[in-house]
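This report describes the architecture, strand pairing, core and charged contacts of one protein chain. The sequence and the structure are shown first.

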Amino acid sequence: MSFRHQYPLDEHTFVEVIRESDASNGGASSAEGASAVHWQPRVEFHLHARDASTGTDGSYVEVARMMLRSLEPITPDFSANDFVQHGLKSVQPGKGYAHKLHDFVVSHHKNFPFPVENIYSTEPSIDNIYFVQRNQPRLYMSESAKMFWGKRVKAGKAEYIEALKRFRIKWE
């Protein structure tokens, strides 16, 4: 069993959510069996927008992508339903696509067939996730990520958890 679903946001954009399950469980089909599905530790979100140059009948292009990774195998302080934002990429920074993707997760996280309890920023020294840039082989948290989370805090959509040294999305 895998989950791949498109959620329309408006007539110009939609988000595709993808999460795979282990093939070894045989793919549960009933509601009771779905709760027993062993999901892979990552979830992908792809924001697609209609290509403005082709008008309303045009094709969609991916404008932002976010990947979440379960924190459970990384550290014992988290459950399988706690995620770290492993990556967030916007094709055109400054267009608000990354914020739109975060807002989608906040408003839709209860609609997925798998639980999402918390989403945190990465803490590379713990998560073993590093951002590699030219002349900076181990950048612990990119400056753009810090600015992004800072904007989310100012908007009241995230908070900084001092004990964990991480930002966390605030649910509505």
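## Strand pairing

Two strands are taken to pair if DSSP finds at least two bridges between them. The model is predicted. Strand S1 (residues 2–8) and S2 run antiparallel and are joined by seven bridges. The connection from S1 to S2 is a hairpin of four residues. Within this pairing, arginine 4 stands opposite isoleucine 18 of S2.

S2 is also joined to S3 by six bridges, and these two strands likewise run antiparallel. Here valine 15 faces its partner, leucine 47 of S3. How many of the eight residues of strand S2 (residues 13–20) are buried? Seven of them are, so the strand is largely enclosed by the rest of the structure.

## Overall architecture

The protein chain contains four helices and 10 strands. Read from the N terminus, the order of elements is β-β-α-β-β-β-α-β-α-β-β-α-β-β. Of the 172 residues in the chain, 40% are buried.

Among contacts with a separation of 6 or more, 54% are made by residues 24 or more positions apart. The chain exposes about 9,900 Å², and carbon and sulfur atoms supply 50% of this area.

## The nonpolar core

In soluble globular proteins, nonpolar side chains tend to be buried together. In this model, the largest nonpolar core has 30 residues, and Val17, Phe45, Phe104, Phe112 and Phe114 touch the most other members. Two or more residues of this core come from each of S1, S2, S3, strand S4 (60–70), H2, helix H4 (143–154) and strand S10 (166–169). The greatest contribution is that of H2, which gives six residues.

Which residues does valine 17 contact, leaving aside its neighbours within four places in sequence? They are Phe3, Arg4, His5, Tyr7, Val43, Glu44, Phe45, Phe104, Phe112 and Phe114. This list includes Phe45, Phe104, Phe112 and Phe114, which are themselves among the residues that touch the most other core members.

## Two buried strand residues

Histidine 48 belongs to strand S3 (residues 42–50). Is this residue buried or exposed, at 14% relative accessibility? Histidine 48 counts as buried, because the cut-off for burial is under 20% relative accessible area. Leaving aside neighbours within four places in sequence, histidine 48 is in contact with His12, Thr13, Phe14, Glu16, Tyr60, Val61, Glu62 and Val63.

Valine 84 is located in strand S5 (residues 82–90). Its relative accessibility is 0%, and valine 84 therefore counts as buried. The C-alpha atom of valine 84 is separated by 5.5 Å from that of leucine 68, and the two residues are 16 residues apart along the chain.

## Salt bridges

How many salt bridges does a search of the whole structure find? The search finds eight. One of the pairs consists of lysine 100 and aspartate 10, whose closest N and O atoms are 4.0 Å apart. This pair links distant parts of the chain, since lysine 100 lies in helix H2 (residues 97–108) and aspartate 10 in the loop between S1 and S2, 90 residues apart. Both partners are partly exposed: lysine 100 has a relative accessible area of 32%, and aspartate 10 has a relative accessibility of 34%.

Glutamate 62 and arginine 65 also meet through their side chains in a salt bridge, with an N to O distance of 3.1 Å. Glutamate 62 is partly exposed at 27% relative accessible area, and arginine 65 is partly exposed at 37% relative accessibility. Glutamate 62 appears as well among the residues in contact with histidine 48. Lysine 165 pairs with glutamate 162, the closest N and O atoms being 2.5 Å apart, and lysine 165 is partly exposed with a relative accessible area of 43%. In addition, Asp103, Arg152 and Lys157 are linked in a network of salt bridges.

Methods: Residues are numbered from 1 along each chain as its sequence is written. This is a predicted model: local features need pLDDT of at least 70, side-chain atom pairs count only at pLDDT 80 or more; totals for chains, interfaces and linings use all residues. Side-chain values use heavy atoms; hydrogens and water are left out. Buried means under 20% relative accessible area, exposed over 50%, partly exposed in between (1.4 Å probe, protein chains only). Contact means heavy atoms within 4.5 Å. Accessible areas come from the Shrake-Rupley method with a 1.4 Å probe; for residues, only the protein chains shown count as cover. A nonpolar core is a set of buried Ala, Val, Leu, Ile, Met, Phe, Trp, Tyr and Cys residues joined through side-chain atoms within 4.5 Å.
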